[in-house]
Amino acid sequence: MSFSRCALLWARLPAGRHAGHRAAVCSAFRAHVGPFPVALGRVPAVASASSSSSSGGSKAPDTSLFVPLTVKPQGPSADGDVGAELTRPLDKNEVKKILDKFYKRKEIQKLGADYGLDARLFHQAFVSFRNYIMQSHSLDVDVHIVLNDICFGAAHVDDLFPFFLRHAKQIFPVLECKDDLRKISDLRIPPNWYPEARAIQRKIIFHSGPTNSGKTYHAIQKYLSAKSGVYCGPLKLLAHEIFEKSNADGVPCDLVTGEERVTVGPDGKQAAHVACTVEMCSVTTPYEVAVIDEIQMIKDPARGWAWTRALLGLCAEEVHLCGEAAAIDLVTELLYVTGEEVEVRNYKRLTPICVLDQALESLDNLRPGDCIVCFSKNDIYSVSRQIEIRGLESAVIYGSLPPGTKLAQAKKFNDPEDPCKILVATDAIGMGLNLSIRRIIFYSLIKPSINEKGERELEPITTSQALQISGRAGRFSSKYKEGEVTTMNREDLRLLKEILNRPVDPIRAAGLHPTAEQIEMFAYHLPDTTLSNLIDIFVDFSQVDGHYFVCNMDDFKFSAELIQHIPLSLRVRYVFCTAPINKKQPFVCSSLLQFARQYSRNEPLTFVWLRRYIKWPLLPPKNIKDLMDLEAVHDVLDLYLWLSYRFIDMFPDASLVRDLQKELDGIIQDGVHNITKLIKTSETQKLLNLENLSAESHPRLQGPLKSQARRTRMAKTSGGRAAEPPGPGAAEKSLASRLVQQGLLTADMLKQLEKEWLTHRTERSKERTESGAYSKGSRRKKGPDSD
């Protein structure tokens with residue numbers, strides 16, 4: 001960097017008794033601007049910024065993610081104010097005028113932009129720089145001398161720029177290391193991250209087909225016949241199923257999930273086969289055969305990275321992929337880079353399935369073997385209650401139930417001797433459960449979803465989702481050899497047929513996720529940046545090619561912000577943030593916070609402490625709220641077990657906690673078994689307001705669905721389509737009567753609504769009367785300054 005004023009200032013410094021200060025100033029200038037220039041001239045401070053701000057043609061960073069650090073003004077120095085001794089004390093009013101002039105110069109703003117200071121960063125950096133100058137008791141010698149010379153007209157205001165830039169890099173350290181950060185976050189060649197897999201020539205076999213086509217069966221047969229193997233599944237239930245099947249067939253197999261490790265060998269020796277959830281697979285252990293189930297989930301916005309890692313990193317002679325044909329092209333493209341060819345084996349469904357021409361329309365038309373699929377808990381509760389009113393018994397399965405409870409409900413539904421012949425479930429039945437279903441009935445076709453930006457949306461289910469759920473009817477291993485699919489409402493049936501007839505969109509990209517090592521390297525360059533902000537900057541700086549995307553990390557950032565104030569090392573903080581939690585459950589979130597706090601104090605979380613924390617023993621649920629609270633406690637025990645395998649010393653009682661969790665699972669199973677009684681009690685106690693179902697839970701209340709997919713933001717849907725309570729007149733004969741018939745309202749609830757509506761109208765009428773009187777009075781009193 002060229003700074004010609006340095007030589008002039010040096011020449012003007014007095015000799016003799018100030019020679020030491022003179023040398024000190026020269027040294028300070030050289031440290032910041034390099035050697036003095038040979039040729040002199042009144043040129044602004046900088047020659048070219050290209051080398052410092054080069055981005056290699058990459059996109060400009062999102063500077064809104066750069067959080068400024070605080071640089072405290074200098075207090076009184078022990079050596080005194082050297083700059084004032086060399087020149088004179090500064091007049092703060094003059095200095096303020098100089099700084100304001102500096103800020104307004106277009107040339108300076110343009111020069112700042114060359115160094116990565118856009119308008120926003122330039123403004124923030126200047127405010128900080130001005131405060132630092134104005135509030136410091138003594139300034140650095142070089143800054144003091146330049147300001148003094150500008151005051152006397154011996155220097156130009158532009159000569160402040162090197163000091164301003166130095167200050168800007170202090171408060172925005174990312175400006176100093178942008179190139180290094182881009183290299184760290186370069187995600188363009190993921191296959192190179194797995195040298196063990198690249199060292200062997202793998203055989204890739206893609207088993208492609210719909211549900212109930214036998215594709216996974218054939219892959220598992222290869223797995224069982226191999227000398228060693230690993231199964232990678234999307235759910236704990238599936239990993240458990242393969243674990244049990246393998247051992248039942250005489251093939252010793254271990255189990256590895258985030259919360260559980262089971263070794264079947266004597267003395268804890270690892271078996272040659274292992275069944276695991278896909279996130280837990282080892283990419284350094286050699287296997288003869290690997291099976292990756294549901295490979296199409298490589299596109300999942302949150303978890304897709306785990307399938308990408310398994311696909312590229314598993315060190316196996318044969319890798320068997322099971323999933324939809326929509327993933328074939330992408331998998332072929334990804335493995336083209338590694339030089340591995342993909343052999344595709346296509347399968348057809350083993351049993352026929354047909355979409356009926358008539359909707360169910362009424363729960364009176366239910367038959368044994370029916371499964372009603374809902375996309376909200378409110379629908380689950382409402383439908384279960386109405387089935388019970390009709391004298392029928394139903395099993396219930398939804399996502400937040402513990403795995404043991406799901407299996408118990410599935411067993412109850414499948415048992416031919418059990419009187420329960422109806423299943424009410426969410427799309428949780430799409431994977432991991434063997435169910436004897438004859439007919440799938442979609443209660444609704446609208447499902448809340450999270451897009452790639454982390455935003456919640458309401459839209460009809462995709463073709464892939466519809467096929468996955470519909471395929472559960474008439475499975476080859478069940479007593480129903482032909483499956484049927486329909487909807488609850490006549491208006492939805494046409495849309496369902498349209499969805500099922502659409503081709504499945506091919507998968508375009510695979511997910512990626514920053515590793516702990518990459519985040520640690522980021523933190524080395526930005527040591528004072530929070531973990532949440534580090535993630536934001538990493539994602540913004542990251543470079544991926546067209547076949548990949550960076551997974552949504554909102555849950556990670558939520559946890560990072562939750563525990564930010566707790567003193568933890570970066571690696572430990574990273575592990576806590578990757579712990580799977582349901583951020584909608586306040587008790588689970590507060591438990592993560594409490595666990596991290598205990599860890600930071602180096603206080604082990606013992607079994608006795610945990611029992612006291614969850615207030616064990618817990619009573620059986622008396623209503624739906626109690627049941628949801630028990631589910632949250634089960635999730636907290638899951639969190640403890642997950643952390644116990646990462647921090648064994650601090651979470652020492654995993655086996656005792658697992659026994660406690662099994663006991664809690666039994667309590668929850670009893671509660672779900674009696675769920676209609678809990679719903680009835682909740683209605684009586686007004687804890688469950690089924691009349692307040694939102695538009696997203698009951699889209700059919702909005703009128704017939706259009707054939708085209710409607711994508712609506714959650715906030716707009718809940719805000720713009722909130723249904724007003726029915727009036728006491730005609731609404732009772734139309735909408736209200738239909739709601740009562742469909743089981744969404746009871747007579748008592750309807751009376752309560754009438755009462756609330758009348759009260760609401762009376763209050764609104766009073767408000768209008770009072771506001772009218774006030775507005776008349778205010779118009780009479782209006783003065784000249786009232787505007």
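**Note on the six-stranded sheet and helix H16**

1. In this predicted model, six strands form an open sheet with parallel pairing, in the order E9-E16-E13-E10-E12-E11. Strands are DSSP runs (E, at least two residues) and helices likewise (H or I, at least four), numbered from the N terminus; two strands pair if DSSP finds at least two bridges between them. E9 (353–355) and E11 (394–397) are the edge strands, each with a single partner, so one side of each has no neighbour in the sheet. From one strand to the next the twist averages 20 degrees.

2. E11 runs parallel to E12 (residues 422–425), and four bridges join them. Ala 395 has Leu 423 in E12 as its bridge partner.

3. H16 lies across E10 (370–373), E11 and E12, at about 160 degrees to E12. Helix H17 (residues 403–414) also packs on the sheet, touching E10, E11 and E12, and its direction makes about 150 degrees with that of E11. Axes are lines fitted to C-alpha atoms, for helices over the stretch in contact, and angles run from 0 to 180 degrees between N-to-C directions.

4. The axes of H16 (residues 377–389) and H28 (residues 675–684) come within 9 Å and cross at roughly 105 degrees. That makes the two helices roughly perpendicular (65 to 115 degrees). Contact (heavy atoms within 4.5 Å) involves Tyr 381, Ser 384, Arg 385 and Glu 388 of H16, and Ile 675, Thr 676, Ile 679, Lys 680 and Glu 683 of H28.

5. Residues are numbered from 1 along each chain as its sequence is written. Local features need pLDDT of at least 70, side-chain atom pairs count only at pLDDT 80 or more, and totals for chains, interfaces and linings use all residues, while side-chain values use heavy atoms, leaving out hydrogens and water.

Conventions
Angles under 35 degrees count as roughly parallel, over 145 as roughly antiparallel, 65 to 115 as roughly perpendicular and the rest as oblique.
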